[in-house]
Structures are given as C-alpha cells and as structure tokens.
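Visitor: I've got a few questions about the labels used for this one. Can we go through them together?
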Amino acid sequence: KLIVTFPGLGKYFFDIDPKSRFISALIKIWYRLNKKLIDVIIYLNEDDRKKISYLFDCRQDVITGEGLSDVFGLGTKFRPGNKILFAGRLSYSKGMNEFLAAANELRDYDFLVAGVIPQSEEYMSWATTLKNQTIQNVKFLGFVDDIESLLKSVNYIFMPSRYGEGFPRIIIEGIACNCGVVVYPFPSSDDLVRHAPGVSQK
C-alpha cells in the first residue's frame, strides 16, 4: 500500500496572492492525477484534512502530535524567566516581523533567533533588512546544531506563524524541554491552545 503523509500544506494554501493561488491550483491538479495511486492519507491536523480531502477517494486519517502518544504530557516543569526563542527559517510567513515587534515592546526580555535565511533573493533582501534593525534585546544565533541545549536554556518558545502548520516540531521539542509556548491561532496551534498546559494564544 502507498501511504502519504501531509506534514503541512504550507503557505501556498493559506495566502491569497496570485502566485500562491496559482501554485496551490497546480498542486491540486497533481493530486487529482495521482489519487488512484494512494491507499491511505495521513494529516497532522483537522484543518488540512478539510482543505483537500475532497480530492481523494481513499482512507484518510488525522494523527495529531506527529504520532507521539502523549505530546501534551511531555513537559511538566515550566521554568519562569525572561528568555524567548524563535527557531525556524527567517521569513515573513513565519512571523519574524511580529517577533521583532514584540521584542521592541518587551525590553525586559531577551529575544533569541535561531535559524537561517532561505536562499532566495526575495527572502534574502527582506530578512537581511530585519537583521540590520537595531533592537538591543534581540540576538541572532544563526544555525544551531545543539537545539536541545538551547531549548533548555530558554523559558518560552514564540511561534507567530502566519499560516497553519502540520504540527510544528519545535513546539513539541519546546514542551519536552519544559518551555512555555506562545502561538498564533492557526491550525495545529489551536490544538495546542486547547490541550496543552503552558501554551498561550495571542
């Protein structure tokens, strides 16, 4: 049997600009052309299933938490403090603008950014401009090999993504390392808000 997992539909299914709508239309055509080859489809959140389930005739299941049996019971010893981490690619859709805006407002907190700029002209120009902004309580770490040690050294994960994610791995890792998590009200993040202690919704 052929089992297909959707880790997340990505920004093209959420943005309404012409480029995103064109690319999402092409993706849907590809799905229709190949649907007979697929026996089972697994989604990581219910919202993704609702968006494209009509394209397929096969069995479709939703498995939250990346298949972990007790994601929300991982972290039990939240550490209060003033260190806030963003971990991911430095892009507009990931909410870097909001992260830096929050840093500008909350000067008593240390804001850490772990990640790299996507290698495209569009991203490079935008993210380089962001990095050149002078905000004293923001530190750009670049690519981080030992993410576990970094997570254990901070108090909060802030994930201001502008689109739904399948089930963000950094959220699971943060909970496992006893970090508080702040998310935006998008798919998967909603699951965290409803079920996980220590997770707040903006």
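**Rings, burial and a surface patch**

Guide: Sure, let's start with a ring: Phe111 has 1% relative accessibility and counts as buried. Keep in mind that this is a predicted model.

Visitor: Why is Phe111 called buried?

Guide: Buried means under 20% relative accessible area, and Phe111 comes in at 1%, so the label fits.

Visitor: What makes the pair of Phe99 and Phe111 edge-to-face?

Guide: The planes are 80 degrees apart, with 5.2 Å centre to centre. Edge-to-face needs an angle over 60 degrees, and pairing needs centres within 6.5 Å, so both tests are passed. That pair connects distant parts of the chain: Phe99 belongs to helix α3 and Phe111 to strand β5, 12 residues apart. Phe99 is buried as well, at 0%. Ring pairs also join Phe86, Phe99, Phe111 and Phe158 into a cluster.

Visitor: How many aromatic pairs does the rule give?

Guide: Five. One of them is Tyr31 with Phe56, at 5.6 Å between centres and 50 degrees between planes.

Visitor: Why is the pair of Tyr31 and Phe56 called tilted?

Guide: Stacked takes under 30 degrees and edge-to-face over 60, so an angle of 50 degrees leaves tilted.

Visitor: How do you know whether Tyr31 is buried or exposed?

Guide: Its relative accessibility is 12%, and the cut-off for buried is under 20%, so Tyr31 is buried. Phe56 is buried too, at 5%.

Visitor: What makes Ile29 partly exposed?

Guide: Ile29 has 44%, which lies between the 20% and 50% cut-offs, so partly exposed it is. Ile29 sits in helix α1 and forms a nonpolar surface patch with Phe22, Leu26 and Leu33, about 440 Å² of accessible area together.

Terms used: Residues numbered from 1 in each chain as written. Predicted model: local features only at pLDDT ≥ 70, side-chain atom pairs only at ≥ 80, totals over all residues. Heavy atoms only, no water. Patch = residues over 30% accessible without salt bridge, like charges linked within 9 Å, V, L, I, M, F, W, Y side chains within 5 Å. Areas by Shrake-Rupley, 256 points an atom, 1.4 Å probe, with all protein chains shown as cover. Salt bridge = Lys/Arg side-chain N within 4 Å of Asp/Glu carboxyl O. Helix = DSSP H or I, 4+ residues; strand = E, 2+ residues; numbered from the N terminus. Buried < 20%, exposed > 50% of the residue type's maximum accessible area, 1.4 Å probe, protein only. Phe/Tyr/Trp six-rings, centres within 6.5 Å; stacked < 30°, edge-to-face > 60°.
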